Amino acid sequence: MALAPCTGCTGLDRPDAPMDRGEDEDEDEDVSDVATKLIMEDPSYHRDLLRDLLSVMRLVDDAHVQTLLGMIRADCSLEEIRLFVDKTLKDLQAAGRDGETIQTLEDMQQRVRIESGEPAFRPQVMDIHYLCDGAPYKVPAKPWTRVTEDDALVSHLISLYFTWDYPFYAFVDLQGFVQHMRDGNVSSDLCSPFLVNAMLANACHYSQYSEAYAIPGDVTTKGSDFLAEAERHMHSYQLERGKNVRLASLQATLLLYERYSMSGDDDLGYTMLHRAIEMAESLGIINGPDLDLDKLQMSEEMRSSIQRTAWGLFQVDTVVHTNFRKPSKIRRVCVKRINRNESDSSEQWMPYPTGKKTRPSFLSQYFDEACRLSFIARDVSHHLYQDPKPDVNQHERKQEYYNQLREWEAQLPDYFDPATNPPAHILLLSLSRDGFGIHRFFSEEAGHTQTVTSPTRRLRAQATEQSLASARAIAALVRVHRAEYGIGRTHPFTTYAIMVALFTMLDHESFDILDGDFLALTSAFSVIACRSQVGRNLFHIFRQSVRAQDQEARVLESEAAPEEIKELFGRYPRSQKPDKWDDYVDGLDKLGEGEGRDAQAVDGMRNYAAAGVHDMLRKYESLSLGQDRT
């Protein structure tokens, strides 16, 4: 078994400054910060910005105006507006438009930069020294990646990953990884170029800055340069399968599963997940006899990394297969879990780069509770999905699992209570709980024709109401997350939880399009959806599904409904007016596979309204993970 251990950050220059930064430059930057603050506090500032926006809308063509209106109505970030302005400026310059238009755009561009607190945009390179200064993890670019030599950018992305993504499954030893990355040892089993580039590719999902895009503003290119570099290393490691598997390669493969699931690339999501499971089996850490790591000669950080990888993969496996109504593939984990009390109250989690206060991470406690929840999910997946034929006691068994879930919830520590504003990963654990709670209702196929007795009918009604309560709990958790940390950097799993909650409400006989929880989830979904191709496709289907409810008139007539909601769901008869969601349909031809991907099937997908939670989950699975051919 190949489990043997192995043995300053600088920013780039500003457009008008040299690369080496001295004390004078730091003082200049402090002066600039003060000036920015004074400008934004000037009462005329926002009035001038509004004037510039109106000027741009008057001077540019209708296509740009409609795009800008859509961005404003959708409450897009100022960074997204900045990227739009950059693209518009380039278009106008290329078309030889008049100087007044270009000057107005340049003025507006500068105002957006000031208000967003971000440095000036540059097509290839941006000064992110100020971000690196606050980054909790300072690591070098060399020798890990060929995509960039910028230590500041790599530190920024690695910090984003360990803040927003890593805690959810935590399948590397954080301290060991960071130390080995700083040491530059490419032969380490805790850190490799394959793992680093896969991590950077995923981290771009959480970045709003131009360096995260191969093509600025094009969400389909986010992190694609780092992904290509990771794939290059992956191909060189193909001989590892079934032989001497490197732990870092297994971890990188898990990251690629997540990356492909966001981009919706063919069937690569399932491919990477199954490959990771095979690699873990060859290492002897899952689906085999117990493995006592204490008897093997290895460092403590290596032992921790193995434990985290095995149990993190177990969590991924149970979440994915339970969510998509399949039996999980990992029956047992062969190594003991990490110490629940490994994290003490002094270990802090900082919501980088929001500037919000740090708070205790409770990371090891979170990891242990996530494992406990995964045991319940594993048993549910095997009972409900191993054999699709429901037995006569199915509803009773579902209630038993639901009771286990509530018992687990009741035993959670007080500091896991969402009311205490815990770290984002603890909120995600609660989202997992409530998303899992909804499964009891929709796990049984609609249209099942067994005789429905009065007790069964009563249990179904009870499950329906409990599922609706879970959907509303998800809405409450999303509100907390949005108020405390924003919604733009939430983990991709949130997309699933929000979607399940929305369709649970949409399926209910009492559905009301003006329901406050429904509108709150819809608003959050519209923000999250724009971050990935799969999210865009799902949002398009969701939008069509809501329109199929024929409640648009109530939205259009409501004085309380926000304008963006009216645009989302209100039909404009015989209008061909474009909006910001028009291109969300791109890529839905993937769902036409069963019909041969002909033109008729593709057109059908463009106007497709999902027939409930079951149908939406099938579409989500096809878009994100592809076809499970094993």
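Okay, let's start with a charge over a ring: Arg-337 lies over the face of Trp-311, 5.4 Å from the ring centre. Keep in mind through all of this that we're looking at a predicted model. There's another case of that kind, with the charged end of Arg-308 sitting over the ring of Phe-367 at 5.3 Å from its centre.

Hang on to Phe-367, please, as it turns up again in a helix contact. The helices I mean are H7, residues 151–169, and H14, residues 363–385. How do you describe a pair like that? Two packed helices are described by the angle between their axes and the distance between the axes. For H7 and H14, the axes come within 8 Å and cross at roughly 45°. That crossing makes H7 oblique to H14. Who does the touching? On the H7 side you have Tyr-166, Pro-167, Phe-168 and Tyr-169, and on the H14 side Leu-363, Tyr-366 and Phe-367. So Phe-367, with Arg-308 over its ring, is also part of this helix contact. Sort the contact by class and you get seven nonpolar residues, no polar ones and no charged ones.

Right, aromatics. Searching the whole structure turns up 26 aromatic pairs. I'll take a couple that involve H7. Phe-162 and Tyr-166 make an edge-to-face pair, with 5.1 Å centre to centre and 70° between the planes. They both sit in H7, four residues apart, so to speak about one turn of the helix. As a reminder, an α-helix has 3.6 residues a turn, so residues three or four places apart point the same way. Both Phe-162 and Tyr-166 are buried, by the way.

Next up, Trp-164 and Trp-349: the ring centres are 5.5 Å apart and the planes are at 85°, so this pair is edge-to-face. Where do these two sit? Trp-164 is in helix H7 and Trp-349 is in strand E1, residues 348–349, so the pair ties together parts that are 185 residues apart in sequence. Trp-164 and Trp-349 are both buried.

One more aromatic item, further along the chain. Phe-503, Phe-511, Phe-518, Phe-525, Phe-539, Phe-542 and Tyr-584 form one aromatic cluster.

Now back to the end of H7 and what follows it. Ala-170 is in the loop between H7 and H8, and its phi is near 45°, a positive value in a residue other than glycine. Why flag that? Most residues other than glycine have a negative phi, and most peptide bonds are trans. Ala-170 comes out at 0% relative accessibility, so it counts as buried.

After that loop we reach H8, residues 174–183, where the buried residues are Leu-174, Gly-176, Phe-177, Val-178, His-180 and Met-181. What covers them? The cover includes H7, along with helix H9 (193–203) and helix H13 (300–323). Just past H8, Gly-184 takes a positive phi of about 75°.

There's another positive phi outside glycine, this time at Asp-550, with a value of about 60°. Asp-550 is in the loop between helix H20 (533–547) and helix H21 (552–557). Is it buried or exposed? At 56% relative accessibility, Asp-550 counts as exposed, whereas Ala-170 is buried.

While we're on backbone oddities, let's do cis peptides. The bond from Lys-142 to Pro-143 is cis, with omega near 5°, and Pro-143 is in the loop between helix H6 (129–134) and H7. The bond from Tyr-352 to Pro-353 is cis too, with omega near -5°. Pro-353 is in the loop between E1 and strand E2 (359–360), and E1 is the strand that holds Trp-349.

Last bit: a couple of spots where sequence separation and spatial distance are worth putting side by side. Ser-249 is in helix H11, residues 247–263, and with 1% relative accessibility it counts as buried. Ser-249 and Ala-198 are 51 residues apart in sequence, and their C-alpha atoms are 9.9 Å apart in space. Then there's Ala-476, found in helix H17, residues 454–485. Ala-476 counts as partly exposed, at 37% relative accessibility. Its partner here is Asp-517: they're 41 residues apart along the chain, with 7.7 Å between the C-alpha atoms.

That's my tour, thanks.

Definitions and conventions: Residues numbered from 1 in each chain as written. Predicted model: local features only at pLDDT ≥ 70, side-chain atom pairs only at ≥ 80, totals over all residues. Heavy atoms only, no water. Axes fitted to C-alpha atoms, helices over the stretch in contact; angles between N-to-C directions. Helix = DSSP H or I, 4+ residues; strand = E, 2+ residues; numbered from the N terminus. Parallel < 35°, antiparallel > 145°, perpendicular 65-115°, else oblique. Contact = heavy atoms within 4.5 Å. Nonpolar A, V, L, I, M, F, W, Y, C, P; charged D, E, K, R; others polar. Phe/Tyr/Trp six-rings, centres within 6.5 Å; stacked < 30°, edge-to-face > 60°. Buried < 20%, exposed > 50% of the residue type's maximum accessible area, 1.4 Å probe, protein only. Lys NZ or Arg CZ within 6 Å of the ring centre and 35° of its normal.
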